[in-house]
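These are my notes from going through one structure, entry by entry, in the order in which I looked things up.

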Amino acid sequence: MAKTQKFQFDPNQEHQLHALESVVGLFEGYPKQEGVFQLGDDIVPNLPPYETLDESWLLDNLNAVRAEVNTKTNNILAPQMVLDVDDGLVLEGAGIDSWRFPVYTVEMETGTGKTYVYLRTIYELRKRYGWRKFIIVVPSIAIYEGVKQSFEDMMEHFKSLYENETVHLTPYNSQQISRLRSFASSTFTEIMIMTLDAFNKSGNNLYKPTEKLPGERLPFQYIQETRPILILDESQNYLSTRSREALRALHPLFAINFSATPAQKPNIVYQLTPRDAFRLNLVKKIEVLGVTEEQNYNIPTLTFQFVEPSASYGLPSIEATLNVYKDGAMHQELIKLKKGDKLYDKTKNPQYEGLVIEEVNTRDGFVSFTNGERLVLEGGSLPDLSKEEVFRIQIRETIKAHFRKQKEVLPLGVKVLSLFFIDRVANYTAPQAIIPRLFDEEYEKLKVHYPFFKGWSADEVRESYFAKMSKPNQPDEYLDTGIENADKTQKDKDIEKAAYELIMKGKKRLLSFDEKKSFIFAHSALKEGWDNPNVFQICTLNTTYSERRKRQEIGRGLRLAVSQEGIRVQDDNVNVLTVVANESYESYANRLQQDYRENGDTPPPAPTNARRQEAVRNDALFNSPDFQEFWVSLSRRSDYQIHLDTETLVEQCLEVLNNKSAFPEPQIVVSKGRFVITEFSVKLLDVKTNLAQIELAISDTEGNTKSSIHWYKKHDQLARIAKDDRLKGFHVVEIREAGPHSLVHFGDRGTLRIGEAIRFSSEKGQVTDPRSVQEAPTTYPAFNLIERTAQETKLTRNTVLRIFKGLREEVKQKMFRNPEGFAGVFLGTIRELLANHIASRIEFTLAEDALPLAPDDIFPSTKRFPQKELIDGAPWSLYDQVQIDSDIERRFVLNLLNEDDKVICYFKFPNQFKIQMPKIIGNYNPDWGVIRWDREGKLKLELVRETKGATNPNLLQFPHEKRKIDCAVKHFTAIGVKYRHIKGDELNWWEG
């Protein structure tokens, strides 16, 4: 029996802490609820009925958080004029009212710990503000099972961080609806996880009377009265009218979107884009091995995939691979199509004559044509002989890559997994199925060259995860499951749930060397909810294109690898995901990049072609006395001593804390809720010289009326100018002056001509009028600020106490008005100043021993650079290709290093070369090592250069960069190597 691995979680990952702090900071100033407010029948809500969070206060906090995030990350989040809210009617059957609540967005790339962040956010919101009731909404059974497993994995970790806080996770089950009462009445932190399907129809059990619950409340009312906080996992799945009505039916206090690909981004508070994730080495790099059949255009190819909704191209639509006739030759193209399109018009290929699209059916997965033919998305025919050969090569290349990777990482204690996506379960489970046959043949041929696998048969190492239906006295029946399929029966859901439970249970077991299974075959529907950190190869075996996007496909293997002890492996050379695709490398890479662009992201660097030549070491240079002597110098180790001047540090801290720090002031914000219908009228009065005069009239059922007349110019947004988010979509994109035929065109709200008006109504569930903003109580329960700060900074309690005592009395009093807000400023200021203080006063001395870095390990004879940009080196570069990370480095290499014939040797330091520095500063990886003759060509110089684009360290983007450079100067002085921070374009870069 294979042992189950236990993941270890790092609570100090910066990107996760930034995301967490961004969400928690949205409610800064809200007083923590120490007691428990109970409704009748002991329901414990997050907030009493008819009270809400003041939207003007929330907007101020949102803009403060965004400004803070911008200083800590690469985010560029502009201030908002209005707060984004969800506002409208609830689902039929869930009451006759409407509901209004703010929605926030956290965008985090797949594989960077999104689930960890939102689960920890729940703990932190409970700790800071006392909120107890949370609902995680997921779009599919796969994610439902994944979140359950993640919570179990992380429970002990969170207990250690949050003083054994009791938190219950309740997976919602309509057959066990009595659990709603304990969720609603519990005084502990309660998390309910629900699929959207469980509450998005009026016929769901949640909206039906039941004897399983006491009293007159319907099941959904237990949830409503708790005023839950919603965590919307994969939030792009909840954009339909029915989905929004269903979410409103839960009466949330507020909602937080979490997604790698949010289609909408209301009140975004944190972004970790794909480019950030790759740049910061938070996910695996990607390389692609494309396997395609080329130059065979004799058969009228027609495969397709559904595409994301696009207002610019009709809905719904597909992307089809078609043979296109152009310039006298056939070639394949990917063409977007919708209902009514004629394939011949798009391709000029007579093989498609008469094929006109009649219907694009995303629910049942087919495209039909007017001639009666139908193409099924996942029906695909059995592969022909040419397709079988493509499959064979894909499988062979995946096995080879798997064997090589396992040999490479075996010393690190890493178990390698390969994941195969197939689009038809029958291709694996049917008698004489093609995929296991091809796999077994290729595996048995290749394993003889790899001792690790030599003693294991093919059927011992492969495993499949499919939905299975068992019948008495009959063979098991395997089913195609698709998490996007609508209108599934309960039986379908149960079968699908069983399949995903099997997948989740096997996830950690697969990481152990005690488990032989390492080649996993799964249905193409497995696109969200399951991943595994040790998936190093993904192979796509498809006879047709599926609806999966490339980002979802690679997301199953983006997480950084873990060892047998569950510890994350940080080596960049290890963390490489190889995708073996049945299309060309160029096609796959382009489509993957396009997927990022369509989601509004700057794409990461293009995946590396797995066939790209490796960089080759110049052995003549490597073995030369010049390089070997330089390496001896570089390998000298230094010890450091920290000379803390306590008096100076205390003075610096007091200067900033007493005079420059802003401490947040708390306030209690209470608003009453009313049901109000508001009528809007937007009327065009006049147009002249690129200006449009528009009258805006607003009236509501409370008898309130107001109107305004304003001149608008192109690009103006009425919502921003009127400070009313209900006017979103009235974005002026064109003003046309033509006398009585003048008009103004809005981006999403149509066109207005002179004298015309657009009228619409909005139902408001929680009107924040009248508002009540009250001064907070004079004191809150305090905690040991001195002890907390000492633990976090490693300063003595006496030093921290001296800093606190030195604060002006009016500054000290702010602690008792808002202890947590005060602590954040107090501790953060001391930490930053302490890091600067250490960097300026640290001393390095030459140690007796050397760094344990053999040059052959650091600089192997050949080296791959997945997803890194390479440029050609010079005869004196250590490798024939040089990795660069910026335009500054490109110019430095091409214009200076490669053009300087006095350079004897140069190289870029690999990531493994780290100079040890204090934890508060972080270890340092320099940029360039260079050996060069001096100006007269007589003296050899051994140089280390850092290229940052600015020589003034105070102008560097991040404070820690300056600190590391300051420390590096002292380290290299201690070991006797000339070090300098340069812009990268100096002609005398080698001097000094």
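**Entry 1, lysine 114.** I wanted to know whether lysine 114 is buried or exposed. In this predicted model its relative accessibility comes to 10%, and because buried means under 20%, lysine 114 counts as buried. The residue lies in helix α3, and when I set aside residues up to four places away in sequence, I found that lysine 114 touches Met108, Asp233, Glu234, Phe258, Ser259 and Ala260.

**Entry 2, helix α3.** I then followed the helix that holds lysine 114. Helix α3 covers residues 114–129, and its end C-alpha atoms are 22 Å apart, which agrees with the span expected for 16 residues at 1.5 Å a residue. I noted that 14 of its 16 residues are buried, so that the helix is mostly covered. Directly after α3 comes glycine 130, for which I read a positive phi near 85°.

**Entry 3, helix α2.** For comparison of length against expectation I also took helix α2, residues 55–72, whose 18 residues reach 26 Å from the first C-alpha to the last, close to the 26 Å expected. Which residues of α2 are buried? I listed Glu55, Trp57, Leu58, Leu59, Asn61, Leu62, Val65, Arg66 and Val69. I kept in mind that an α-helix has 3.6 residues a turn, so residues three or four places apart point the same way.

**Entry 4, the sheet of β39 to β42.** Here I found an open sheet of four strands in the order β39-β40-β41-β42, with mixed pairing. Its edge strands, each pairing on one side only, are β39 (903–908) and β42 (978–982). Neighbouring strands of this sheet are turned by 25° against each other on average, if direction is ignored. Strand β41 (residues 940–947) pairs with β42 in the parallel sense over five bridges, and I noted glutamate 946 standing opposite histidine 981 in β42.

Which helices lie across these strands? Helix α19 (residues 625–634) lies across β39, β40 (928–933) and β41, and runs at about 60° to β41. Helix α27 (residues 887–897) lies across β39, β40, β41 and β42, and its angle to β40 is about 15°.

**Entry 5, the sheet of β30 to β32.** I next looked at an open sheet of three strands, ordered β30-β31-β32, in which the pairing is antiparallel. The edge strands are β30 and β32, each of which pairs on one side only, and the twist averages 15° from one strand to the next.

Going through the pairs in turn, I found strand β30 (residues 732–736) joined to strand β31 (residues 743–746) by four bridges, with leucine 743 in β31 as the bridge partner of arginine 736. The hairpin of β30 and β31 has six residues between the strands, and in it glycine 739 takes a positive phi near 60°. On the other pairing, β31 and strand β32 (residues 750–753) run antiparallel over four bridges, and phenylalanine 746 stands opposite glycine 750 in β32.

**Entry 6, cysteines.** How many disulfides does the structure hold? I found zero. I also checked the burial of two cysteines, using the cut-off of under 20% relative accessible area. Cysteine 539 has a relative accessible area of 0% and is therefore buried, and cysteine 905, at 2%, counts as buried for that reason too. Cysteine 905 falls within the residue range of β39, 903–908, the edge strand I had noted in Entry 4.

**Entry 7, the chain as a whole.** I closed with the totals for the chain. Its secondary structure comes to 28 helices and 42 strands, and of its 992 residues 55% count as buried. Among the contacts with a separation of 6 or more, 71% are accounted for by residues 24 or more positions apart. The chain exposes about 43700 Å², of which carbon and sulfur atoms supply 48%.

How values were computed:
Residues numbered from 1 in each chain as written. Predicted model: local features only at pLDDT ≥ 70, side-chain atom pairs only at ≥ 80, totals over all residues. Heavy atoms only, no water. Buried < 20%, exposed > 50% of the residue type's maximum accessible area, 1.4 Å probe, protein only. Contact = heavy atoms within 4.5 Å. Areas by Shrake-Rupley, 256 points an atom, 1.4 Å probe, with all protein chains shown as cover. Expected span 1.5 Å × (residues − 1). Pairing = 2+ DSSP bridges. Axes fitted to C-alpha atoms, helices over the stretch in contact; angles between N-to-C directions. Disulfide = S-S within 2.5 Å.
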